[in-house]
Amino acid sequence: MVQGRPQPSPMTVGVVGAGTMGAGIAQATLAAGHRVLLHDADPAAVARGRQRIESGLDRSIEKGKLSPEGKEEAMGRLREAAGLEEIAAGSDLVVEAALEDLALKRSIFRALDMHALPDVPLATNTSSLSVTRIAEATHHRERVLGLHFFNPAPVMPLVEVVATDGTARAALQAGIDFVAGLGKTPIVSADAPGFVVNRVNRGFTLEPLRMLEAGEATVEAIDGAVEAAGYPMGPFRLMDLVGVDIGYAVATSLYEAFDEAGRFRPSPVQAQMIEAGRLGRKTGWGFYRYDEEASSAGAADIGAIAAGGAGAPAGGSSLLSAAAIVERVNLAIVNEAYRAVEERVASPQDVDVAMKLGAGHPEGPFERAGRLGLRAVIEGLRRQAAAAALSGDQFEVAPLLWQIATA
């Protein structure tokens, strides 16, 4: 885990994009004592963003984390910027949080780069796009980096600080210091598909979906087993919360980025649920049904949706034990963590921190591997490769894992 250094305060931080993430980043920045310049191409979005920030600060007051006077002072440090030129010229650091559209982000960075002083770091909050491709739109690529906040940004403690091959050390350190100054934990990731969390955690949802596809376990059995193992939320509850369509888009993006590697194959169950309009909590129906207060009302019937008509096992029972379900999910995550470290995406320590703080895992994958023993992990991977009904390359032992275990 990287350490931040003391930074001048208050800074003026430009935030481009006033949607959910932009407003959340602005709120966290204001709460840390900085000034914020907020801009959105849609003036109505800026008004909504200001309202989100006020509401977020009100919740901090309710929790006793902020005084009414503190809220007033924070809102007094928030200004709206008329355009990107004003943001660029008036900020010590800029964070872009616009829509996940490469052409849009490149146009924003091109404009920011034209008007900001050369040493002003320009950060993108992208969760799935290449920071390198965004930086290519600028003349000063060395000052471009990623600051991937997690939703909700004021609450989630992790930020992935993403460095391209061309990011200058000074810009990277400025990002680290800024994140640490917000009271959050920065981890450094290379500019690789999915960064750390979205890549390493893919097995948390894709393995349960494969079990469901093959008729090996029910939604309730899988969620129950995973939650009993210490995870704050089962994979299907999580997919419903995030949005089935969002999870499918992330899986598709990684599948394409990794040359259609089997372990990242999106599930046809997700595709069929999207076609049926079952996107999770936001539509009132996903893997579970939800009442008007959006509380769970029991698992929905997915028998007709699961690929090949297999669906859940007859009678609502699970063919896999709770231990087998949890082992399969955990081993897929551990194996991918070793692949990511071998590719120099992040250090083992940062991967562990990221998975605990960004994905809520009870322990990091390298901590788990150390506790189980690498030989046992390899034996488990081989066992799963032979037993899983729908097995891609997710259980093929990562070369680095094999190398360390047999050294």
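This is a short working chat about a predicted model.

Me: Let's start with the sheet. What order do the strands take in it?
Reply: The order is β3-β2-β1-β4-β5-β6-β7-β8. That makes eight strands in an open sheet, with mixed pairing.

Me: Which strands stand at the edges?
Reply: β3 (78–80) and β8 do. Each has a single partner strand, so one side of each is left without a neighbour in the sheet.

Me: And the twist? By how many degrees are neighbouring strands turned against each other?
Reply: On average by 25°, with direction ignored.

Me: Take β1 and β2. In what sense do they pair?
Reply: Parallel, over five bridges. Valine 15 stands opposite leucine 38 of β2.

Me: How many residues of β2 are buried?
Reply: Four of its five. Strand β2 covers residues 35–39 and is mostly covered.

Me: What about β5 and β6, how many bridges join them?
Reply: Three, and the two strands run parallel. β5 spans residues 122–124. Leucine 122 has valine 144 in β6 as its bridge partner.

Me: Which helix lies across β5?
Reply: Helix α5, residues 102–115. It also lies across β1 (12–16), β4 (93–96) and β6. Its angle to β5 is about 170°.

Me: Switching to pockets. How much space is in the second largest one?
Reply: About 640 Å³. Its lining has 26 residues.

Me: Which of those lie nearest the centre?
Reply: Gln27, Gly56, Ser60, Pro154 and Val155.

Me: Which helices supply at least two lining residues?
Reply: α1 (20–31) and α2 (43–62) each do, for the second largest pocket.

Me: How does that lining divide into nonpolar, polar and charged?
Reply: There are 14 nonpolar residues in the second largest pocket's lining, seven polar and five charged.

Me: Now cavities. How many of 30 Å³ or more?
Reply: The structure holds one. The largest cavity has a volume of about 70 Å³.

Me: What lines the largest cavity?
Reply: Arg202, Gly203, Arg263, Phe264, Ala332, Glu336 and Gln394. By class, that is two nonpolar, two polar and three charged residues. α9 (202–213) and α14 each supply at least two residues of this lining.

Me: I'm looking at arginine 199 too. Where does it lie, and is it buried or exposed?
Reply: Arginine 199 lies in helix α8. Its relative accessibility is 0%, so it counts as buried.

Me: What does arginine 199 touch?
Reply: Leaving out residues up to four places away in sequence, its contacts include Arg263, Phe264 and Glu336. Those three residues also line the largest cavity. Arginine 199 also touches Pro193, Gly194, Leu254, Phe258, Arg339, Ala340, Glu343 and Val345.

Me: On to backbone geometry. Which residues does the cis peptide bond at proline 152 join?
Reply: Asparagine 151 and proline 152, with omega about 0°. Proline 152 lies in the loop between β6 (144–149) and β7 (158–163).

Me: What is phi at phenylalanine 195?
Reply: Near 50°. That is a positive value in a residue other than glycine. Phenylalanine 195 sits in the loop between β8 (185–190) and α8 (197–200).

Me: Is phenylalanine 195 buried or exposed?
Reply: Buried, because its relative accessible area is 2% and the cut-off for buried is under 20%.

Me: And arginine 344, what's its phi?
Reply: Positive, about 60°, although arginine 344 is not a glycine. It is found in the loop between α14 (322–342) and α15 (348–359).

Me: Arginine 344, buried or exposed?
Reply: Exposed, at 73% relative accessibility.

Me: Last one, tyrosine 290. Which strand is it in?
Reply: Strand β9, residues 288–290. Tyrosine 290 is buried, with a relative accessible area of 11%.

Me: How many Å apart are tyrosine 290 and asparagine 201?
Reply: 26 Å, C-alpha to C-alpha. In sequence, tyrosine 290 and asparagine 201 are 89 residues apart.

Terms used. Residues numbered from 1 in each chain as written. Predicted model: local features only at pLDDT ≥ 70, side-chain atom pairs only at ≥ 80, totals over all residues. Heavy atoms only, no water. 1 Å grid on protein atoms, 1.4 Å probe; cavity = no way out; pocket = protein on both sides within 12 Å on 5 of 7 lines; lining within 4 Å. Points joined across faces, edges and corners; volume = space filled by probe spheres on them. Nonpolar A, V, L, I, M, F, W, Y, C, P; charged D, E, K, R; others polar. Buried < 20%, exposed > 50% of the residue type's maximum accessible area, 1.4 Å probe, protein only. Pairing = 2+ DSSP bridges. Axes fitted to C-alpha atoms, helices over the stretch in contact; angles between N-to-C directions. Contact = heavy atoms within 4.5 Å.
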